[in-house]
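Biologist: Could you take a close look at one part of this model for me? I would like to start with a single piece, check that it makes sense, and then see what the rest of the chain does around it.

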Amino acid sequence: MKKTKISPAEHKWESLKNWQDNWDIEAADFGKMYNASLQNNTTRRLWKGDNFFPKEMMLKFIQMSPNFVRNMFRDLFNEEKDIENRIGRFQFCCDNLLTEYKSKYPLTIENNHFHTENHIISMYLGFQYPEQYTIFEYLFFKQTMVNIGSTKIPTAFEIERFFKVMRTLNTFLQKDVEI
């Protein structure tokens, strides 16, 4: 039997579809819905890895304060507001929830909510609005900017610039039928 070669990004497409099929900001059980939205049959590397578990921390935050977290996501997904401010508020709220979590569970070893990097937040945005956003991967972004001849190489925190560049590149790619 001939094996079909699996695309290295196939898990991202499955995860996107799963998010689209399950995400419901108004779900009665917000934690159950969030958990169901982040599932994949082959890998969980987008939200879990060595010393990287933002999904688990968000589930702990949801357990502590589901409506607060629901409102964090409402704000993050509000396209009428500035993207950098939305991300900043989301991260600030995660910081506060982590502080609250650590005060409730003083013996916890948890010292990170994993939302200070742009990867997981860009994943939420990309899954919610796939036509507008994509998953932020700094090294790929930096190399892309080098390849197109940018004289100003981006820093790891220039998420708004990343989204603008990716939308521009996507527009060019959509117009080029050969690609």
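Modeller: Happy to! Let me start with the rule for length: the expected span of a helix is 1.5 Å times one less than its number of residues. Please keep in mind that this is a predicted model. The piece I would pick is helix 8, which has 17 residues and should therefore span 24 Å. Its end C-alpha atoms are 24 Å apart, so the model agrees with the expectation.

Now for what helix 8 does. Its buried residues include Ile159, Arg161, Phe162, Phe163 and Val165. Helix 8 also makes the largest contribution to the lining of the largest pocket, with 7 residues. That pocket holds about 850 Å³ of space. Its lining counts 23 residues, and Trp13, Tyr133, Thr134, Ile135 and Met166 are those nearest the centre. Besides helix 8, at least two lining residues each come from helix 1, helix 6 and helix 7. By character, the lining splits into 14 nonpolar, 5 polar and 4 charged residues.

Just before helix 8 there is a loop that joins it to helix 7, and Thr155 sits in that loop. Its relative accessibility is 42%, and partly exposed covers the range between 20% and 50%, so Thr155 counts as partly exposed. Thr155 and Leu139 are 16 residues apart along the chain, with 9.8 Å between their C-alpha atoms.

From here we can step into the interior. The largest nonpolar core has 44 residues, and Met58, Phe61, Phe73 and Tyr124 have the most contacts inside it. Helix 8 (159-175) is one of the helices that give this core at least two residues; the others are helix 1 (10-22), helix 2 (30-37), helix 3 (54-64), helix 4 (66-76), helix 5 (83-104), helix 6 (118-128) and helix 7 (138-147). Helix 5 gives the most, 8 residues.

Tyr124 is a good place to see the core from within. Setting aside neighbours within four places in sequence, Tyr124 touches Trp19, Tyr34, Leu38, Met58, Phe73, Leu76, Phe77, Phe90 and His115. Two of these contacts, Phe73 and Leu76, are among the buried residues of helix 4, together with Val69, Arg70, Met72 and Asp75. The cover over those helix 4 residues includes helix 2, helix 3, helix 5 and helix 6. Met58, in turn, is one of the buried residues of helix 3, along with Pro54, Lys55, Met57, Phe61, Ile62 and Met64. These pack against helix 2, helix 4, helix 5 and helix 6.

Helix 2 deserves a look too, and Met33 lies in it. With a relative accessible area of 7%, under the 20% cut-off, Met33 is therefore buried. Apart from neighbours within four places in sequence, Met33 is in contact with Asn22, Trp23, Asp24 and Ala27. Tyr105 is 72 residues from Met33 in sequence and 25 Å from it in space, C-alpha to C-alpha.

Last comes a charged residue, Glu110, found in the loop between helix 5 and helix 6. Its relative accessibility of 11% is under 20%, which means that Glu110 counts as buried. Beyond neighbours within four places in sequence, Glu110 contacts Phe53, Met57, Lys60, Leu98, Tyr101 and Lys102. Lys60 lies 50 residues away in sequence, with 11 Å from C-alpha to C-alpha. Met57 brings us back to helix 3, where it is one of the buried residues.

Methods. Residues are numbered from 1 along each chain as its sequence is written. This is a predicted model: local features need pLDDT of at least 70, side-chain atom pairs count only at pLDDT 80 or more; totals for chains, interfaces and linings use all residues. Side-chain values use heavy atoms; hydrogens and water are left out. A nonpolar core is a set of buried Ala, Val, Leu, Ile, Met, Phe, Trp, Tyr and Cys residues joined through side-chain atoms within 4.5 Å. Buried means under 20% relative accessible area, exposed over 50%, partly exposed in between (1.4 Å probe, protein chains only). Contact means heavy atoms within 4.5 Å. On a 1 Å grid over the protein atoms alone, a cavity is a set of points where a 1.4 Å probe fits but cannot get out, and a pocket is an open set with protein on both sides within 12 Å along at least five of seven lines; lining residues have an atom within 4 Å of a point. Grid points are joined across faces, edges and corners, and a volume is the space filled by probe spheres set on the points. Ala, Val, Leu, Ile, Met, Phe, Trp, Tyr, Cys and Pro count as nonpolar, Asp, Glu, Lys and Arg as charged, and the others, Gly among them, as polar.
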